[in-house]
Amino acid sequence: MNQALRRLGAFSNPDKKYSFEELFEQCHIIPRYQQLLYRWLDVLIEQRQLQQKQGQYTNLVPLSADSVNTLVEEVRVRWANTPELVNIVQQCGENLADVLIGEQEPLGLYFAAANNKAGSSNPESPLNTHLKEIMRASLMAVVKSLPPNLNLRILEIGGGQGIATDELLPILPLKQTTYTFTDVGGLFLNQARQKFSDYPFVAYRFLDIEKPPTEQGYSSHSYDVVVAVNVLHVTQNIKTTLEHVRSLLAPGGFLLLWEITQPQLDFDITDGLLMNPLEDEQRSQGNPFLSQQQWQEALHSNGFIEVAAISETETFGEQILVAQVSALATDSAPVAFTATFEQKNVDQNHQVLLNKKPDIADWFYIPSWKRSMPPQPFKSSVNATQPNCWLVFVDECGFGETMVKRLILEGQDVITVSVGEQFNRLSDRLYTINPRQRDDYDALLKELRSLNKTLKKIVHLWNVTPNSYGELAIDYLEKSEALSFWSLLFLTQALGENNQTDSLQIEVISNNMQEVTGSDVLCPEKALVLGPCKVIPQEYSNITCRSIDVVIPSAESRQEEKLIDQLLNELQTQTSDQVIAYRGHHRWVQDFEPVRLNQVGESKQRLTEKGVYLITGGLGGVGLALAEYLAQIVQAKLILIGRSPFPNRSEWEHWLFTHEQQNAVSSKIRKLQTMEALGAEVMVVSADVTNLEQMSAVLKKSKQQFSQINGVIHAAAVSGGGMIQLKAKEAAVSTLAPKVRGIRVLEALFKDDDLDFFVLCSSLSSFLGTSGMVDYTAENAFIDAFAHYNTFKHGTFIRSINWDRWNSVGMAVAVEARHKEITGEELTAGMTCFEAIEAFRRILCNSTVPQVIVSTQDFPTLMKPKESTKSLAEELTQLTRSQPTHPRPKLGNAYVAPRNEVERTIADIWQQLLSIEKVGIYDNFFELGGDSLFATQLIARLCQYFQIELSYKGFFNGSTIAALSEVIVEKLAKQTDQEELAKALADIEQLSEKEVQAILTSSN
C-alpha cells in the first residue's frame, strides 16, 4: 500500500498535509476505489506508517527497495507452510498502482493468482479443516434427525470452488436430498457440474443473492437449509442480502454461515480489488467483514430469531454461525423439514403448473406436421340473400384468377386486386395497387367503402409465385418482402384506419413456404407472412388470420382443379387451425413433437479446443453469454460483431476510468477481460451484418488473424416493437434487416466454408406471435424457414433455436420491465442464463434436425387458442384499472388543467390508462410514458366514448389533450350538422307539393 501510493505521487511533499480529497485527485484513482483508499489510509495509520490530524494526512514513512525485499524474505520464512499466499500478495501488490488508476484490470491478476494457488500441493490449513468438520457435523445432526420419508432441501449460495460442497455432499442421503448449488458465474457452475457429477441429486443454477430470488426463478420459502461460505460479506448491502436469504428459507429453516470476522490485510490488496463499493457505513471494499457480534445483530434485526456461534475460532478471524428463521407457517409456506417424497412430487407438479418444467431435458420440441380431416365439400351460396364480399389479391401465376372464376360461378361478390405501379380502378371489380405504397391500400378500401362493400373475407395470394427463386439479388429480396410482410402490414393498417369493426377473415395462401415432406423446395422469405398472420388476430379482436401453404400444380390440370376444390372448402370452414398445408390429396396442420435431450458428457464434439467462432450480435445479451461459454469451455478465439461503435482495446482502461461501474459499455469491457483471463482471445469488430462489403472485410481480417473459422452464431437482432396500426416502415425495416438480410449475407460469405456449426438464434414468437412485435415475429419465422432451406440445399450443420426468454438478458430486460409496469407482476417461467447455456450445449451435441424449440413450459399447451373473448384493449383496460396511480412526471411544460367537458373526459381516459394522478392538456402522451400499445387502446376508447372515427395517423400529429380535443369537437360538430341536414331532408321528403310551394312563397 505504501509503495503503491508513492508510485502514484502521493505525499511527494513530506512537509505538506493532505486531505483525503486531495490525495484521491492527486493520484488519479478511479471512483471505484475511493472506499478502498480510505481503508488503506486507516491501515497505514494502524501500522504507524502514516499520521493523521484533524482529517489531514502526513508523514508517510519512506520505504527503500532493500527494506521491502528484507520484509518479503522475513514473511516467507514466517509463512513457509503457505508460500502460495505470499506469492499472491506479492504478485498483486506489485501491480496495485496500475490497478488503482485503471491501467491494469484486477481480474487478470486474480485469475493468475488463483491458478498459482490452485496448482499448489500445500496441505490445507488446520483452521479450514476444523471449520469444515464443524460444518459437516452440524449438517450431520440434521440428517440423523430426518424421518425416512422426508425430503431435505438445501441451497448453497455462491458455491464457488465447492469448499463446503465437497465436505457436505458425502453425508447426505441420496434419495432424500435435493441440493441446489448456485453461483453468479457460469465458470464455477460448470466446474462444479464436473466435480460433483457423482451426486445426481445436485442441481446447478445461477443466483445473485443481491437481487430478489423470486425474480430469478426461485420459489419463496422453499428450502430447509441455506449454506453460505465466505460469500455474504461480498454483497453491497448486508440488510438486503439477509432479506433475500430469509425469503429462501421455509419457516423454521436454518442458515449455516461461515464468515471471516476480522479484517484481513491480504484481502485489502487481493480480493478487495474485485469488490464493488459497499452501501453499508460500517464496511468498505478493503474490510467488508462483520465481527461475530455484528453478524449476530444483523441476523436478529433481519428476521432470524435464533442465532448461535458454534465454533470457538473468532480469535483466528473466522467463525461459523447458525441462524434460524421463525417457525410460523402459512398456507403458502409450510414449516421446514416437513416436505415428504410425496410433497416433493407435488412441488414438481406445482412447478409445472406454474409454467416451468423442472427437468431441462423436457424443454425441447421439434415442429412437425400431422394429417387432419379435410373440410366438408364447399356448398353453393347462389341462393344466399346477401352474398359475401370477397377481396382477393390475385397472384402472377393465374392460380388466383382461376379461384375467382369459381367463386363468381358460386354466386359470390368478388373484388380482385393485382400488383401494379399505383392504385388504379380498372373496373368495378378489378383494381391494381403498388404493394410498397401504404396509401394505395387506403385508397382501395375507401373506394370499396364508397361502393357500400362490406368485407367479410380477404384472400391474399401474392405469395403464390413461380417455382424458381433467386439467391441473393437485392431486388428479389425486396420484392419478396413487399409481397409478403409489407403487403399484409399495410393492408391491416388501412383496415384499422378505415375503422373496420365487422368480423373479417384474412386467408394468406402461399406456395413452397413450409417444409412438410422433407423434399420441399423452399423460399424462406415468404415465411415473413407468418409474422402478420400470428400477430394480427392478437391486436385486432375482429380479425382472424390463417396461413395456408400449397404446392402449385400445372395450370388447367386435374391436380389444379382438385387443389382449388380443397382451398374453396377450406376458405368456407371455421377452424382453430392457424397454420395449414396441402400436399397432394392431404391436409396437414402444424404440430409439435416433444424430444428429450439429456445431459451430455464432457466430449465437446462440435466444439474445437481454441476454435475460432464468429458471433454476430456478439456484444448483445445472448451473444455475449454464448461467447462467455465458449471462452470457459474451449478457450475460444472469438470474433464478436456489433453494429454500434465500441471502444478500441487501447481505450478500455481509460473508458473504465472515466465511466461509472454500472455503465453498459464498462460492463461489457469487464466481461471481455474476464474471457481473456480465462484464456480466450477476443476480437471486437463494429460492422453492419446486412452490409456485404463490411462483412467481407471483417471475414478477411478474421482469417488473417485466426485462419479458419470453425463456427458461426447469428445472434444479431433488433427487438423492434410497436402496434401494427402505428408501425412506421422505417422502424420495421431496421428490425427486419439484421436477421433477414444479415443471414443472406452470412450465407454468401460462408457458402464454401466447412463450418462445424451455424447456429441461428430464433424465438418462440415464430409460433406464438407477440403482440406489439409483428416485425420481430416475422423475422424469426424467416430464420426458421432459412434453416430448413439451407439444410435441403447445402446439407450444412445448421440449427435454428427457438429460444424461450433468457431471464434478465438482452431484450428480455425491457420485456420484463414493461410486463411489470403494465401488470404489476414479475414474468414467470423463462430460463436463467445457465439453463439457456445448458440447453445450447445439448442442442449442439445431441440434436439432428435443423430446428429445435426450447420452451420451459408445455409448448403444445401454449399453442392452444386462448379461451378469452376479450380484445387486447379490453384486457389492458382491466389490467391498468387495477394499477396504483403515480404522480405526474417532470415534463418540459407546466401543468394546465382541462378547460371544458371534452378535455376533462379525455384527461380522465389518459389518467386511467397511464395510471397517472393528473394529466395536463399540453402534456405529450409519449412523454408521459405512453407507447403504441397504449395509443391504439386510447384511440379505441375515444372512438367508443364519443361515437366518432379518429385517425391513428392524426394522433401522432397531435398527441396532447388540447390537440385531440380540437379534432373531436370539430368531428362532433360536423356529425351534428350532418344529422340535422339528414333530418331536414327527411322532413322535406314528407311535404306535399302544396306545402313546399307555400314555404317557397313565404320565403320570397
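This passage describes the nonpolar cores, one helix and several aromatic pairs of a predicted model. Residues are numbered from 1 along each chain as its sequence is written, and side-chain values use heavy atoms, with hydrogens and water left out. Because the model is predicted, local features need pLDDT of at least 70 and side-chain atom pairs count only at pLDDT 80 or more, whereas totals for chains, interfaces and linings use all residues.

The largest nonpolar core (buried Ala, Val, Leu, Ile, Met, Phe, Trp, Tyr and Cys residues joined through side-chain atoms within 4.5 Å) has 75 residues, and those with the most contacts inside it are Leu391, Phe393 and Ile639. A second, separate core of 47 residues includes Tyr613, Leu624, Phe646 and Phe797.

Helix α31 (helices being DSSP runs of H or I with at least four residues, and strands runs of E with at least two, numbered from the N terminus) is mostly covered, since ten of its 14 residues are buried, where buried means under 20% relative accessible area with a 1.4 Å probe, protein chains only. Among these buried residues are Ile906, Ile909 and Trp910.

The structure holds 26 aromatic pairs, in which ring centres of Phe, Tyr or Trp (its six-membered ring) lie within 6.5 Å, with planes under 30 degrees apart counted as stacked, over 60 as edge-to-face and the rest as tilted. Tyr613 and Phe757 are stacked, at 5.4 Å centre to centre and 15 degrees between the planes; Tyr613 lies in strand β20 and Phe757 in strand β24, so the pair ties together parts that are 144 residues apart in sequence. The rings of Trp910 and Phe925, with centres 5.2 Å apart and planes at 75 degrees, form an edge-to-face pair.

Definitions and conventions: Buried < 20%, exposed > 50% of the residue type's maximum accessible area, 1.4 Å probe, protein only.
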